[in-house]
Amino acid sequence: MKIAVCAKVVPEQARRIDPETKRLDRSGEQTLNPFDANAVEEALRLKGDGADAEVVLVSLGPERSIDALRKALAMGADRVVLVSDDTASGSDLVASSYALAKALEREQAELVLFGQQANDSDGAVMWAAVADRLRRPLISQVAELTVSDGSVRGKRQTEFGYDVIEAPLPAVVAVSDAINEPRYPSLKGIMGAKKKPQETVSLADLGVEAEHAGEAGSRTEVYAIGEPPPRGETQRIDDDGSAPEKIVDFLLERKAL
Amino acid sequence: MTRPSDFPPRFDVSEAIARPTDPEDERIEVGIAIVGAGPAGLACAIRLGQLLEDAPAVAERLGEVPVAVIEKGKQPGSHLLSGAVINPRALQRLFAGRKRLDELPFYAPVEEESVYFLTSSRAVRIPTPPTMKNHGNRVASLSQLGRWLGEQAEEAGAIVLPETAATKLLVDHGRVRGVRTGDKGRGRNGEELTNFEPGSDVVARITVLAEGTQGHLTGAAIERFSLEGENPQVWALGVKEVWRVAKPLRRVIHTLGWPLRRGAKYREFGGSFIYPMGDDMVTLGMVVGLDYRDVELSVHDLLQELKTHRLVRKLLDGGERIAWGAKTIPEGGFLSLPKRLHAPGVLLAGDGPGFVNVPALKGIHYAIETGALAAEAAFAALQRGEAVGRRGALASYDEAVKQSFVWRDLEQVRNMRQAFGHGFWLGGAMAGAMTASRGKFPPGDSGTEPDADQELLRTNRARRYPAPDGKLTFDKLSSVFLSGNKTRDDAPSHIRVQTEVPPELAELWTRMCPAQVYEPKEGGVEVTPSNCVQCGAITAKGGRLTPAEGGSGPEYTVT
Amino acid sequence: MTILVFLEHHEGELQKDSLSVLGKALQLGGDVDALIAGSGVEGLAVQAGKYGAKKVYVADDPALEKPLPQPRVDVLAKLIPEQGIDTVLFAATVLTADVAAGLAARLDAGLNWDLVDLADQDGKLVGKRPALGDTVYVDVGWTGEPRLALFRTGAFDPVESPAEPEVQKIETQLEDFSTQAKMIEQAHEESEGPSIEDADVIVAGGRGLGGPENFALVEDLAKALGGAVAATRAVVDAGWYPYSTQVGQTGKTVTPRLYIAVGISGAIQHKVGMQGSNVIVAINKDPNAPIFEYADLGVVGDLHEIVPKLTELVRQRAA
């Protein structure tokens with residue numbers, strides 16, 4: 001079975017937005033999106049010791065993302081495909097999902113896995129967009145996953161509790177961070193990672209037309225970045241016995257009750 | 001009064017030494033294992049790469065991975081912290097013919113420098129002591145330099161293995177065989193969690209220990225092979241910040257005096273540094289010897305106090321704090337160096353053995369030089385084709401270090417730090433005499449007492465620390481946050497310390513630790529190891545820091 | 001502008017957050033339509049009218065019975081071009097995030113998410129959203145139509161503006177792949193209350209509680225408020241409460257409407273996990289606790305006295 005894991009490389013720390021480009025400052029150290037590590041881990045668990053299973057990482061990002069993606073190889077993934085292209089810069093959900101879908105079509109994996117959200121944009125949206133473009137059934141927020149006999153079953157976390165959803169393969173599944181604890185790469189894994197196949201493809205290689213790429217292919221934009229609205233002064237109460245009532249009044253006033 | 005050494009931690013150095021236990025086909029085999037991706041370790045890796053480039057026969061004998069650098073931080077630089085003003089000579093020698101001086105990751109060369117003696121209200125300019133002159137030296141961020149050196153090492157063919165702690169020295173038949181790396185994924189009580197990954201035996205022909213201050217395996221090697229020097233090692237704790245500033249600073253500043261006290265009984269030796277980093281950043285730090293005695297002394301809070309001085313406040317006006325960190329510096333100097341720097345199969349380089357020139361505040365170029373010399377000695381032994389584990393096979397390293405400027409410099413200033421045990425004035429006078437005589441005065445060698453042997457005393461020092469205002473002065477927890485420390489809460493504690501201790505010791509540790517790891521509680525002290533930024537102060541003052549899980553601890557970037 | 005609001009329903013009731021988005025849409029001026037998709041849901045259309053929808057499209061089909069996203073994408077993908085809708089708003093939930101994102105791909109339409117506000121600025125529709133752990137606010141927009149938006153839960157309140165809506169039943173045409181995922185078991189309301197990630201209200205306990213037994217105070221208040229219980233790193237470290245409830249830098253990040261911090265000093269390691277909460281109330285006996293610098297209401301006093309009384313008052317109001 002071939003499992004493709006869609007992963008993102010995000011800035012390691014001190015997230016800030018570049019005031020000039022109004023985009024996330026990606027100049028610092030990069031790392032595999034921690035939530036995608038859950039997806040890699042789940043893929044590796046499904047692969048088990050199976051020699052006939054393959055776990056391939058698909059990612060969209062600048063060339064230097066390759067270093068961070070190697071962590072997945074060190075964990076045990078077999079291959080990395082990085083879609084890297086200057087014209088992809090500034091891609092929003094519409095453009096990114098288009099490029100990723102093309103890369104995934106090329107792989108023809110039975111199962112496509114995503115992690116819970118992107119650490120940098122706090123978006124929990126990529127898998128649904130990609131699933132639609134691939135025209136595949138989707139199960140999201142999966143806290144428990146089983147694959148058997150050409151179908152996949154997921155226990156899905158919702159606000160109301162757990163659903164159980166089943167879909168035939170090929171399918172797209174997005175896992176929640178509750179599904180597993182990602183393994184630490186072993187030293188052997190780390191040292192062997194560099195030798196595993198790492199392929200970089202351009203948008204042209206994938207057949208992504210110019211009008212679907214980067215800003216041209218995007219449908220949203222950022223106008224401005226600013227400070228969050230100030231919380232305002234802290235209202236202070238020194239309890240004289242009437243604090244509980246005052247708290248209730250405050251909550252009513254703030255429509256928080 | 002209590003002494004910290006009255007309550008030693010439960011730690012035996014034999015815990016850090018083992019035979020290889022992994023089955024042979026599971027061991028990781030490398031040619032040369034370097035522990036520590038700091039300036040010493042990376043200089044060693046780079047120099048080895050250069051030498052192996054022209055000697056393919058030797059490289060082949062080292063196998064698939066000729067040079068591996070093992071680093072416990074998230075990446076090279078994550079655990080590096082210093083001032084720093086660096087003497088470029090060692091880097092120039094390392095990159096001779098390959099890189100120009102202006103291609104090295106430095107800020108501007110030092111042009112102007114001032115030394116001040118501070119009181120709480122005044123700053124008196126004093127002539128720069130000859131040992132501190134920095135003309136020709138370069139300001140740098142050691143963390144950034146580390147990252148850059150890491151890239152150079154990889155380009156030179158080394159494999160850098162970050163997030164990997166070296167917890168044991170592998171010794172077999174009297175020789176060092178490599179190191180064992182630490183486990184990952186253990187719970188608070190040592191239990192194996194679902195993603196438990198055991199460490200590995202990394203076996204190598206030659207092991208270079210470049211762990212930096214209080215190197216865990218360095219200490220083990222020194223004890224195991226009886227390499228102890230004349231004097232025990234002593235340390236200082238440095239706490240520093242990096243600020244983005246509105247007005248560029250155009251000179252390098254050092255201060256002495258306030259807020260440290262000059263009386264001999266306090267044993268408060270140290271001072272501060274303020275260096276420009278480009279036009280828009282300034283780094284400043286407080287460095288204090290850990291032989292201090294007052295339980296209420298807190299180097300972090302002294303730094304906050306320093307910033308309230310008119311001189312410093314002016315420099316930071318309109319600025320913003322962007323980084324914070326802490327680390328110890330070995331201060332024993334020449335007389336605390338191990339009596340030999342090698343043993344069968346192993347070499348010691350950098351701050352681990354203690355190549356630091358305290359009066360000049362320099363250690364980085366010695367680390368680089370000794371790292372490079374270790375590479376040359378290792379290469380020579382391999383090239384001779386002899387059994388490198390044989391006693392004396394690596395003796396050429398000691399020879400080379402003794403012939404180098406490292407040895408000459410340190411010998412000249414060998415008694416200076418010890419002089420300040422007599423207090424500021426007398427110490428200063430003695431230091432002056434030492435410099436003038438190029439180390440011939442006083443004759444002989446002064447003793448040193450371990451920091452933990454100092455008897456504690458209590459004053460009301462803490463009353464004068466400024467309350468954190470979140471703009472100029474900061475509390476410890478928000479500083480730990482700024483260091484990027486995200487250590488796993490349920491990791492096993494890497495700090496060995498007795499917890500049932502008298503209140504004055506609990507308070508000593510509480511104040512001493514810049515990361516608020518210790519807090520007094522009924523009957524002793526509470527330890528929160530996940531705050532730890534691995535500075536090492538506890539090891540000097542009665543406890544023992546051991547390597548934490550690889551990848552944990554601070555994530556310094558510009559310190 | 002022709003605005004459509006997707007109304008989510010559960011066990012026969014329209015969800016409050018969807019109705020809140022409807023209220024927000026009305027503020028933008030003009031008529032606002034709504035969509036209800038499900039099986040046997042015609043009766044909900046009247047509810048939508050009570051909250052201001054002018055026209056309610058109802059897609060009623062057994063194939064839409066289960067709350068699965070992909071069939072709903074089909075419904076919207078047909079409706080939007082047919083009716084010339086240029087703006088579609090969703091209250092973010094597990095379901096709607098999948099619907100909105102699938103729809104964005106289907107129609108090549110811009111989607112902005114995690115919005116806390118939306119306004120017409122000089123003829124341009126501008127959304128406001130927090131980013132980077134709620135440390136900055138970003139103004140975002142759309143190039144082209146339709147414009148899709150997901151709103152953070154708890155951002156607004158529903159507005160009752162009774163009207164008789166026009167109800168229009170629409171046909172459903174579903175793609176093959178959209179119906180391949182089948183729901184075998186459906187979730188019911190959790191008996192232990194919401195998880196901290198989904199909770200509207202969180203009551204969190206810290207070291208000031210004094211001991212694990214005092215978490216009962218926190219639990220009682222949370223129950224009375226219909227919220228979840230959270231804990232700080234210090235008390236989780238001490239074993240007083242499970243790690244799954246830890247809020248902070250090394251725990252979870254939460255953005256409830258209301259966060260009540262009981263006996264919590266509020267150092268930055270904790271703050272970064274809850275600073276996006278709408279309203280923060282702190283109860284602590286230490287007047288210098290850092291939490292008082294950023295709480296909306298800071299109560300200096302004995303939590304053992306205050307919290308039980310507060311719980312009682314809340315229960316009385318609910319009754």
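Q: How much area do chain B and chain A bury between them?
A: In this predicted model, carbon and sulfur atoms carry 56% of the area that chain B and chain A bury between them. The whole buried area comes to about 1,600 Å².

Q: How many residues does chain B bring to its contact with chain A?
A: Let's split the contact into its two sides. Chain A puts in 15 residues. On the other side, chain B puts in 26 residues.

Q: Which residue of chain A meets B:Glu154 in a salt bridge?
A: Across the interface of chain B and chain A there are two salt bridges by the rule. The rule needs a side-chain nitrogen and a carboxyl oxygen within 4 Å. For the pair with B:Glu154, the N to O distance is 3.9 Å, and the partner is A:Lys194.

Q: Which element gives the largest share of the side of chain B that touches chain A?
A: Several elements of chain B give two or more residues to this side, including strand 2 (28–35) and helix 4 (142–155). The largest share is three residues, and it comes from strand 12 of chain B.

Q: How many charged residues are on the side of chain B that touches chain A?
A: Sort this side of chain B by class and you get five nonpolar and eight polar residues. That leaves the charged class, with 13 residues.

Now for the other partner of chain A.

Q: What area is buried between chain C and chain A?
A: This contact takes 81 residues from chain C and 72 residues from chain A. Carbon and sulfur atoms give 58% of the buried area. In total, the area is about 6,600 Å².

Q: Which residue of chain C forms a salt bridge with A:Arg231?
A: The rule finds four salt bridges across the interface of chain C and chain A. In the one with A:Arg231, the closest N and O atoms are 2.9 Å apart, and the cut-off is 4 Å, so the pair counts. The partner is C:Asp296.

Q: How many nonpolar residues are on the side of chain C that touches chain A?
A: Helix 4 (residues 94–107) of chain C gives the largest share of this side, nine residues. By class, the side has 19 polar and 19 charged residues. The nonpolar count is 43.

Q: Which residue in strand 10 of chain C is the bridge partner of A:Ile225?
A: Strand 12 (residues 220–226) of chain A runs antiparallel to strand 10 (residues 136–142) of chain C, and six bridges join them. Look along strand 10 of chain C for the partner of A:Ile225, and you find C:Val138.

Definitions and conventions
Residues numbered from 1 in each chain as written. Chains lettered and ligands numbered in written order. Predicted model: local features only at pLDDT ≥ 70, side-chain atom pairs only at ≥ 80, totals over all residues. Heavy atoms only, no water. Contact = heavy atoms within 4.5 Å. Buried area = accessible area lost by both parts, 1.4 Å probe. Helix = DSSP H or I, 4+ residues; strand = E, 2+ residues; numbered from the N terminus. Nonpolar A, V, L, I, M, F, W, Y, C, P; charged D, E, K, R; others polar. Pairing = 2+ DSSP bridges.
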